[in-house]
Amino acid sequence: YGLNENEPKTLKEIGEKWNISGRMVTIYCQKGKITGAIKKANLWLVPLNAEKPLDGRTTEAKRVKINN
């Protein structure tokens, strides 16, 4: 469709890209963990190039927390 990389995407599309549920993306947005996410009415829009935040329950996130 000729969409550019910075065009906002829906939570479902981002969730599919990150292999998580749309609900988890919503939680990340509400907590301010996704840079560039904006809320329009009742819809969150997330830039396609946004990076997935670390899940605090994973070993990788715990390692990062210890090193900081």
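Visitor: How many helices and strands does the protein chain have?
Guide: Happy to start there, and please keep in mind that this is a predicted model. Along the sequence, the elements follow the pattern β-α-α-β-β-α. The protein chain therefore comes to three helices and three strands.

Visitor: Which elements each supply at least two residues of the largest nonpolar core?
Guide: The core in question has 10 residues, among them Leu11, Trp18, Val25, Cys29 and Trp44. In general, nonpolar side chains in soluble globular proteins tend to be buried together. The elements that each supply at least two residues of this core are α1 (11–18), α2 (22–30) and β3 (43–47).

Visitor: Within what arc do the buried residues of α1 fall, seen down its axis?
Guide: Let's begin with the residues themselves: the buried ones in α1 are Leu11, Ile14, Gly15 and Trp18. They line one face of the helix, because seen down the axis of α1 they fall within an arc of 100°.

Visitor: And which exposed residues does the face of α1 turned away from its buried side carry?
Guide: Exposed here means over 50% relative accessible area. On the face of α1 turned away from the buried side, the residues that qualify are Lys12 and Glu16.

Visitor: Is Thr26 buried or exposed?
Guide: Thr26 has its place in helix α2. Not counting residues up to four places away in sequence, Thr26 touches Leu11 and Trp44. The cut-off for burial is under 20% relative accessible area. Thr26 has 13% relative accessibility, so Thr26 counts as buried.

Visitor: Which residues is Leu11 in contact with, leaving aside its neighbours within four places in sequence?
Guide: Leu11 is a good one to click on, as one of the buried residues of α1 and a member of the largest nonpolar core. With those neighbours left aside, its contacts are Gly22, Val25, Thr26, Cys29, Trp44 and Val46.

Visitor: In which sense do β2 and β3 pair?
Guide: The two strands form a hairpin with two residues between them, and Ala41 in the turn has a positive phi of about 55°. Lys40 stands opposite Leu43 in β3. Over three bridges, β2 (residues 38–40) and β3 pair in a sense that is antiparallel.

Visitor: Why is β3 largely enclosed by the rest of the structure?
Guide: For the whole protein chain, buried residues make up 25% of the 68 residues. Strand β3 is largely enclosed because its buried residues number four of the five.

Technical notes
Residues are numbered from 1 along each chain as its sequence is written. This is a predicted model: local features need pLDDT of at least 70, side-chain atom pairs count only at pLDDT 80 or more; totals for chains, interfaces and linings use all residues. Side-chain values use heavy atoms; hydrogens and water are left out. A nonpolar core is a set of buried Ala, Val, Leu, Ile, Met, Phe, Trp, Tyr and Cys residues joined through side-chain atoms within 4.5 Å. Buried means under 20% relative accessible area, exposed over 50%, partly exposed in between (1.4 Å probe, protein chains only). Contact means heavy atoms within 4.5 Å. The arc is that of the directions from the helix axis to the C-beta atoms. Two strands pair if DSSP finds at least two bridges between them.
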